[in-house]
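Reader: Hello! I am new to this structure and would love a close look at a single part of it. Could you walk me through it slowly?

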Amino acid sequence: MSEHDAHRPGLGSMPHDGGTAFRVWAPNADAVAVTGSFTDWSGDGHAMVSEDNGHWYADVEGVRPGDEYQFVITNGDQRLMRIDPRARVVTNSSGNAVVYDRDAFDWAGDTFGCPPHDELVIYETHIGSFVATEGDAGDLGGLAGKLGYLAELGINAIELMPVAEFAGDYSWGYNPSNPFAVESNYGGADALKAFVKESHRHGIAVILDVVINHYGPSDLALWQFDGWSEDGKGGIYFYNDERSSTPWGDTRPDYGREEVRAYLHDNALMWLEEFHLDGLRFDATLYVRTIDGLGTGDLPEGWDLMRSITTTIRERHPDKILIAEDLQSDPAITSPDEGGAGFHAQWDTSFVHPVRRLLTAVDDADRSMTELADALRGDDEPFRRIVYTESHDEVANGKLRVPHEVDGGDPSGWAAQKRATLGFAIALTTPGIPMLFQGQEFLEDEWFRDDVPLDWERAEQFRDIVRLGRDLVHLRRDVDGVSRGLRGEGFEVLHLDDEAKALAWARRAGDDVAVVVVNASAEARDITTGMPSAGPWVVRFNSDAATYSALFAGHDTHDVDAVDEPLDDQPASGTVSVGAYTLVVLTPA
């Protein structure tokens, strides 16, 4: 067997019984060595041998998991110290890589699978601010301590804002410096694995935000990694022309280069296969498929890369969910056909913006029920969209949480409570995959900041509002077996009255149907609407129930006996009495 044939496959650090093998891609290097705690950080280190296609390899005896290391790259007069681009563990974003045994974690008993898309209710979370104290960022252990709370709320999927290592202690996470490493401040690789396993034990899927539209730009070891670059650009991992430019730095990966495509492809698979994650949400895909993010300067290589990643994951892991944040309502993003990007779903701005306008308008006259109905409709495949009224983007950078935007002078008052709860009730009863943002269920106010922890005292202060959210989530998921219609693809507007600010719609799953009635005005209304069938209909949810808030009127919304009198193209009709800024759900008795 030749020396080349004896080389172990893989990239990064690969510990084995006798030591650790290392492989790195540095096509412009004249020489590469690996140095670390096992060489007393010798400047010469352990020399690596050149392989095909610009890779360098060494197998060093006695190197064990936990040992720190860096690559020493020589390019002409340059001598560069570089963190391993594929390190699963780093000491910090500008520190050292750490040898890590990818197979050592005990996954025994972890047999969880992602729930079907028609049952998913997603809860978006930022680890550093979810459970934290002033001056100390939160970590995965703190988040794990709240899984019981989330499970009781009925959440069955948690979406983590990015966990890849970033510069500093506080960040939203969309500035990855080490894309394969889990943020050390959050607890690192083993902490994420433990969190995923514990989430699964609670019946909760874990979806992760990933960033492939740019890297860094700070503390970025990939930058001019092996000493080569053109025009002062980023070198081998990046475009070195006008395609490099993004709003976040000159660091768009080179989607056309085989080794970079493999890097991005392997990174996506790593989260699903090594960390047992249940899905990925790709950030700002508009900046993967276009140069300027304005729909011009098309990047065919970006389209092709996304399609390659989603095709592989759909084939190898058909139970995983793939979500895009494209924000352009382009159906090609969720098309698996040739020319499409192949995601299962995308964040839907055509829902969130009209609904927030409805909630935050000062005067009832400015609430458009026609616009709301259009926002609800979506398309013929509603589970291709994520619907929400709050997300990290919608409640930061000058944009407020819904209660604060409704009434900045009294964000815990009647108007704020009523319209905020109406908003997430609409999201949870609309065709699509609903998503809440952390703290939304206890009316968190102001705006999202990565260094300001959630005010968990509000979860107790507004425990009845939390119960409203729990009741809604359980209804949306048909936990009690009475509301399967809310999981269906079928959607039909039953009644629209823009003058009275009333809207009713039906949701259908096969023969099961649920009727939703909304009053978006400050006065209680008796709303007469077409009904899918005559007979008794039971009120399953009333967002004005006095048990949800001492401020709510507790307007009497009684069960309805629909009569056999056609109305609004429906075979029957009935009158539903609905409180101010209230949503009611009814299903057949």
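Which element gives the largest share of the lining of the second largest pocket?

Author: Happy to help! Please keep in mind that this is a predicted model, where local features need pLDDT of at least 70, side-chain atom pairs count only at pLDDT 80 or more, and totals for chains, interfaces and linings use all residues. Residues are numbered from 1 along each chain as its sequence is written, and side-chain values use heavy atoms, with hydrogens and water left out.

The element you ask about is α10, which contributes three residues, the largest share of that lining. Helices (H or I, at least four residues) and strands (E, at least two) are DSSP runs, numbered from the N terminus. A pocket here is an open set of points on a 1 Å grid over the protein atoms alone, where a 1.4 Å probe fits, with protein on both sides within 12 Å along at least five of seven lines; lining residues have an atom within 4 Å of a point.

The second largest pocket has a volume of about 320 Å³, a volume being the space filled by probe spheres set on the points, with grid points joined across faces, edges and corners. This pocket is lined by 19 residues, and those closest to its centre are S329, D348, G378, D379 and R385. Besides α10, the elements that give two or more residues to this lining are β18 (345-347) and α9. By class, the lining has nine charged residues (Asp, Glu, Lys and Arg), five nonpolar ones (Ala, Val, Leu, Ile, Met, Phe, Trp, Tyr, Cys and Pro) and five polar ones (the others, Gly among them).

Now follow α10 to the sheet. This helix, residues 369-377, lies across β21, β22 and β23 and runs at about 180° to β21. Contact means heavy atoms within 4.5 Å, while axes are lines fitted to C-alpha atoms, for helices over the stretch in contact, and angles run from 0 to 180 degrees between N-to-C directions. Helix α14 (463-476) also packs on the sheet, touching β25 (535-542) and β28 (582-588).

The sheet itself is open, with six strands in the order β21-β22-β23-β28-β25-β26 and antiparallel pairing. Two strands pair if DSSP finds at least two bridges between them. Because β21 (490-497) and β26 (560-562) each have a single partner strand, they stand at the edges, with one side left without a neighbour in the sheet. Further in, β22 (502-509) and β23 (512-519) pair over eight bridges, and W505 stands opposite V516 in β23.
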